[in-house]
Protein chains: 4
Amino acid sequence: MKQRPVRIGMVGYQFMGRAHSHAYRDVGFYFRPQLTPVLQAVCGRSEDAVREAASRLGFAEYETDWRRLVERPDIDVIDIVTPNDTHAQIAQAAAATGKHVLCEKPLATTVDDAGAMHDAVVRAGVSHMVCHNYRFAPAVQFAKRLIDEGRLGRIHHIRAHYLQDWLLNPAAPMTWRMRRDVTGTGALGDIGAHIVDLARFLVGEFKTVTGSLRTIVSQRPLFDESGTGMVDVDDATMFLARFACGAEGVFEATRFAGGNRNANRFEVNGEHGSLRWDLENMNVLEVYFTDDESGLQGFRRINCTERDHPYAGAYWPPGHIIGYEHTFINLVSEFLDAIAKGESPHPNFGDGLRNQQVLAAVERSAASGSWETVET
Amino acid sequence: MKQRPVRIGMVGYQFMGRAHSHAYRDVGFYFRPQLTPVLQAVCGRSEDAVREAASRLGFAEYETDWRRLVERPDIDVIDIVTPNDTHAQIAQAAAATGKHVLCEKPLATTVDDAGAMHDAVVRAGVSHMVCHNYRFAPAVQFAKRLIDEGRLGRIHHIRAHYLQDWLLNPAAPMTWRMRRDVTGTGALGDIGAHIVDLARFLVGEFKTVTGSLRTIVSQRPLFDESGTGMVDVDDATMFLARFACGAEGVFEATRFAGGNRNANRFEVNGEHGSLRWDLENMNVLEVYFTDDESGLQGFRRINCTERDHPYAGAYWPPGHIIGYEHTFINLVSEFLDAIAKGESPHPNFGDGLRNQQVLAAVERSAASGSWETVET
Amino acid sequence: MKQRPVRIGMVGYQFMGRAHSHAYRDVGFYFRPQLTPVLQAVCGRSEDAVREAASRLGFAEYETDWRRLVERPDIDVIDIVTPNDTHAQIAQAAAATGKHVLCEKPLATTVDDAGAMHDAVVRAGVSHMVCHNYRFAPAVQFAKRLIDEGRLGRIHHIRAHYLQDWLLNPAAPMTWRMRRDVTGTGALGDIGAHIVDLARFLVGEFKTVTGSLRTIVSQRPLFDESGTGMVDVDDATMFLARFACGAEGVFEATRFAGGNRNANRFEVNGEHGSLRWDLENMNVLEVYFTDDESGLQGFRRINCTERDHPYAGAYWPPGHIIGYEHTFINLVSEFLDAIAKGESPHPNFGDGLRNQQVLAAVERSAASGSWETVET
Amino acid sequence: MKQRPVRIGMVGYQFMGRAHSHAYRDVGFYFRPQLTPVLQAVCGRSEDAVREAASRLGFAEYETDWRRLVERPDIDVIDIVTPNDTHAQIAQAAAATGKHVLCEKPLATTVDDAGAMHDAVVRAGVSHMVCHNYRFAPAVQFAKRLIDEGRLGRIHHIRAHYLQDWLLNPAAPMTWRMRRDVTGTGALGDIGAHIVDLARFLVGEFKTVTGSLRTIVSQRPLFDESGTGMVDVDDATMFLARFACGAEGVFEATRFAGGNRNANRFEVNGEHGSLRWDLENMNVLEVYFTDDESGLQGFRRINCTERDHPYAGAYWPPGHIIGYEHTFINLVSEFLDAIAKGESPHPNFGDGLRNQQVLAAVERSAASGSWETVET
């Protein structure tokens, strides 16, 4: 089968830009996508910085105005890795010119924006995905398969937290992630969105939520040492949820959980079994079945690096683990195949919109002190 | 120092009766309490059963009417291990006759009852404790010491769950723990009360809560196979909490978490460090300090079996673990010493009352769908 | 069934004396042995110390000469918890007067002594056991059951180590465990003997061994601070073994493994599965089966606290763990039942002798630098 | 700084060929080596297969005769990923034409061959490394740094095993790894060589060893189903070792340890602390210090993904783990930098030779049943 090139234009080039660029570069080694990604151009406002980024990340060219990038006829995909407040405008413009769109999460800063983005890509008939990469850990995909096969039966509980600690030190400086106008919400939208996505993936739709948003440190030094800035988003959130399927869930996202560098963890309990996962040891899925022989019941610690585990066959033999970046490689592999087929696999902008609706409901509940329905 | 006897009268003899009896028998071997417990009499309604229990547990005599037990002049302590709805009456009667009282948790089925019990013991000037035994795991006491010493600084978070799975099978029969008139609440009052106590012990007073109570399986077979009974209490609960100190917490208690036989776990995150504990491996406390040398930061896995760890010196050399029953031995040791001194160490009936107020607030919030203030 | 008393005379009263005494006191609470142990008399050379020990441990009387104890007609069982070099004489004298004998491990300091002890108890027709208590952890007994049922098939490997760290500090003072004349060997005979026993229990007889004995710190301060003493036994040993069944094993015992307070661990690998155990978390057995469904293969973490697990039914509900001391309670329960039946359950003096033969072969190999056959 | 190309010619293209190719492709993204690897040509005997491999792995051209590859003037580096028996001839020929050489482990099948290879590269003055990739896990490099800084003091013990289970099933077919003429030794040379390298890296030179080689399944089906072949190498080995520094070690390598897919683990105990590592969770180093505050001593679980950890800064933020393939990327990064500087960093052919000498001593001891000196 002949491989065709697909030309990538990326807006932004920081942490996520690096993760996405690497995935495009590496995906062809592990997978055989019909489309071969070509790093055509990267875009940033500072010419010096974007020139350096293009060289470092492997893009052939650069732009300093995203509108120019979006309009270039030699670009097939717009990949959006900019701060949250810019996603909507860029994605809609990209869709309007017929580009396929991969967008970082959260999809937007408001449900309205997310809805407009979703409308735009659907209207344009382009392929679209939102980059909830953790779905694409083999262990998480395997968890989903077990649930879909009914191995857990009806789901009773999910408990998920995403614990980090990089803001624990009050001297940690302001970033755009602490400014409401740029980011929408703080821990909620950044890491809470990930566990909302994992819960939607594994348990289904959220129905109602009640929760809390808290700013533990509200003044932080500016990067340029010119003074302090005000943190006007949450740096910790917690919420309860009821799901359409009848399950209930407990969620927490924080940057103040000392010793937890990147503890994205969940446990799902169903009628017939349970599952546990932890990003910091992401190749392992712990699985419990109630119908295991009496006396021999216990969580099995499964290293999801075998042929039977999703994506694992593309990598190394059993017991040879993969890492964080491979979640992006797997996602990009799906996205490229989807473009070739004219599809938009989950999590797509529809999922991004649903995610945003959950975040919005948590925000409303934090204000109202009551359970809020997730509007759809 | 001369040891004096203290004569125990126990009402009830099931699971908790067994745990308490063992503790009285064993405490003198490990500790040197001024008072030597004497298992004077046990009380139950069925003569055959209570006679057998007396023999099995080591009580010299038995009674079939708790009022007679309470009135016996040869009893110094009334230990209440009966179903929850009977605690109030027995405890008040015991206090009225000047008996010291040890009562199983939850203290009562209502705040009013708990308040009356507290008033009664205070008025009578007797020693009183409520049996939140998990406080007395050496690792938990050590956690408390670290917090009190300021090693964690200001507390930001607690997340605690108590997960069991013995009701996961819908064929598991009804017990009194599933009947509201006897038990008050279900998972909330039984195992939720334990994590409320641990949170109060470690983080301080609850201010407001919002939560949910759920009955997953509402019809269960009766023990006598005569039909089915209705479960009218929660078999799963979850709630959020705000503490007086500014911390926030996430709590969950359930009997439907497959593979979790007795997973009473917490994590506390503070300004300067974090702590983790798990009842199923109860000798271990995981401790993280933010001021550990850079590059060498990580949770330390501490086997709390050393001289430096509370109660551990009474047992075996480092690395030789103790088990569930030793939490009761430690508690009873404290209670006996307190009786000798005329004190009522924590957790006493005041703590039981505060605990009940938290449970009541969770119940109210489950009904109102809003945050409820813990009344004091 | 009527319970009959069995009168215990214990020689020695230190660490092991305490563990045994507690087991006698507690066994009747958990088990219903036909024989009720009575702590009749304890023996030690220092009258003040043994008087205090009798009071502390609960013995009715004391003796200062073990020969007197052994000859007392009101003693049924001699329990030997003295330093190793005294076991042989006491045990033989006890057997000669028709006493049942429980002896701490290692059975003796030489194979000859162990053989003489074995002959003596067999000749006398008394019940005898050697106190390899770790066999009696429910998880270890469950491991044995799985192996006996053929669940692992043919055994290929055992790797076992017993790591401690209490001698890591060169300032740790001399004890009798560091003097060859008293102890025979050091780490080998003290903790190595335990893993030899576990291996014999699980895998069967040792055929040949080759190993090393090392004294890392050879001068230590005397307890009385009068100077230093010479350590003339190993404080670390390692050896390879071949078993009669064809399995091979790797063994290590040391007091210099920092951070390992009491890490008695083994892993057994067979044709159809594997087992792992660790004393520091002794309620858990990890079990792997090769015939588990593909993709769902992983070590199961089984909390051996359920009715299906040996001895566990005597204690608490699932998930409520037991500790170090319960291994002694279980062992004593077996011993009492065996006395009633006129039996000598494993590990008996025959096992102690075989154990000593393995230790001797390791000693010989350390001297010869070659594989040595375990003589029988 | 200008980057110069370095042209790679690879002999072989199976598992290791894939791992090396990926590393050359990916290294420039994470590191900024002075030399940019160019995948010039790959070599294999079957034209169809090597053509496909070239396309799949990204080589520009292919050869079917390694002698032709070695003589090509447009090749700077010969990378040898063929079966062990071919390493010597290829490496010597490559050195003779002035090529730098990266060779898979074990360096050769005999000490003589390894010595000749070492002589050849030294004589030719080319850069050379042997691909003991596990040294290059950040956690392992960090372990080495701690030891070099004296944080563990004098080393007392190392225990290392490399457990796999892919031969447990007797129906697993023959491969070249089971034929002595091709592979030298079996589990010993393949995976045992890795733990020998890790031990040399961390503890220093081996002085004497004694061990065993065993073939558990000696007949296996041929791949082409034409019958069975004879396994004439070990599929399990175990050995004891004494080190020049005074430490002692216990080693085991096997393919019959069910449930252990790729369990390459070590623990090092020193005067002042201990270290533990496990390849299956390779980002974590467990570290214990004896001078941690009393009561707060325990193994710290360090996720070696921080700026302070070797290589980790090249990848992702703290808590975002890397995987198996990154050990090769790190190694190749070192190799490229070394070529630029005219150096041969460890592990080089000198290390490969020393490793071979250890393996040979184990082989001799397995035959002699005695301790054998590692010849140098």
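**Close-up views of a predicted four-chain model**

**View 1. The six-stranded sheet of chain B.** Let us start with an open sheet of six strands in chain B, paired in parallel and ordered β3-β2-β1-β4-β5-β6. Strands here are DSSP runs of E with at least two residues, helices are runs of H or I with at least four residues, and both are numbered from the N terminus; two strands pair if DSSP finds at least two bridges between them. β3 (61-63) and β6 (128-130) of chain B lie at the edges with a single partner strand each, so one side of each has no neighbour in the sheet. From one strand to the next, the twist averages 25 degrees. This is a predicted model, in which local features need pLDDT of at least 70 and side-chain atom pairs count only at pLDDT 80 or more, while totals for chains, interfaces and linings use all residues. Residues are numbered from 1 along each chain as its sequence is written, and chains are lettered from A and ligands numbered from 1 in the order in which they are written.

**View 2. Two strands and a helix of the chain B sheet.** Strand β4 (residues 77-80) of chain B pairs with strand β5 (residues 100-103) of chain B through four bridges, in the parallel sense. Look for B:Ile78, which stands opposite B:Val101 in β5(B). Helix α2 (residues 47-57) of chain B packs on the sheet, where it touches β2 (35-43) and β3 of chain B. The direction of α2 makes about 160 degrees with that of β2(B). Axes are lines fitted to C-alpha atoms, for helices over the stretch in contact, and angles run from 0 to 180 degrees between N-to-C directions. Two residues are in contact if their C-beta atoms, placed from the backbone, lie within 7 Å.

**View 3. The two domains of chain A.** The domain assignment, which is automatic or from a database, splits chain A into domain 1 (4-133) and domain 2 (135-346 + 353-368). Taken over C-alpha atoms, the centres of the two domains are separated by 23 Å. Domain 1 of chain A brings 35 residues to the contact and domain 2 of chain A brings 36 residues. On the domain 1 side, α1 (15-30), β2 (35-43), β5 (100-103), α5 (111-124) and β6 (128-130) of chain A each supply at least two residues. α1(A) gives the most, with eight residues. This side of domain 1 holds 19 nonpolar, 13 polar and three charged residues. Ala, Val, Leu, Ile, Met, Phe, Trp, Tyr, Cys and Pro count as nonpolar, Asp, Glu, Lys and Arg as charged, and the others, Gly among them, as polar.

**View 4. Two helices crossing in chain C.** The axes of helix α8 (residues 187-203) and helix α10 (residues 349-368) of chain C come within 10 Å and cross at roughly 120 degrees. Their crossing is right-handed (the near helix is turned clockwise from the far one by less than a right angle; anticlockwise would be left-handed). Residues making the contact include C:Leu188, C:Ala193 and C:Val196 of α8(C), and C:Val358, C:Leu359 and C:Val362 of α10(C). Six nonpolar, three polar and four charged residues make up this contact.

**View 5. Where chain C meets chain A.** Chain C and chain A each give 14 residues to this contact. Strand β16 (residues 299-303) of chain C gives the most to its side, with five residues. The chain C side divides into four nonpolar, six polar and four charged residues. Strand β16 (residues 299-303) of chain A runs antiparallel to β16(C), joined by three bridges. Here A:Phe299 stands opposite C:Arg301. A turn of 180 degrees with a shift of 0.0 Å along the axis lays chain C on chain A at an RMSD of 0.0 Å, by least squares on the C-alpha atoms of residues with pLDDT of at least 70 in both. The two copies are thus related as by a two-fold rotation axis. In chain C, the C-alpha nearest the axis belongs to C:Arg300, 2.0 Å from it.

**View 6. Where chain D meets chain C.** This contact takes 30 residues from chain D and 29 residues from chain C. Elements that each supply at least two residues of the chain D side include β7 (155-163), β8 (206-214) and β11 (236-243) of chain D. That side comprises 10 nonpolar, 16 polar and four charged residues. Chain D superposes on chain C by a rotation of 180 degrees with 0.0 Å of shift along its axis (RMSD 0.0 Å). D:Ser370 has the C-alpha nearest the axis in chain D, 2.3 Å from it. Both copies use the same surface, as 97% of the contact residues of chain D recur in chain C.
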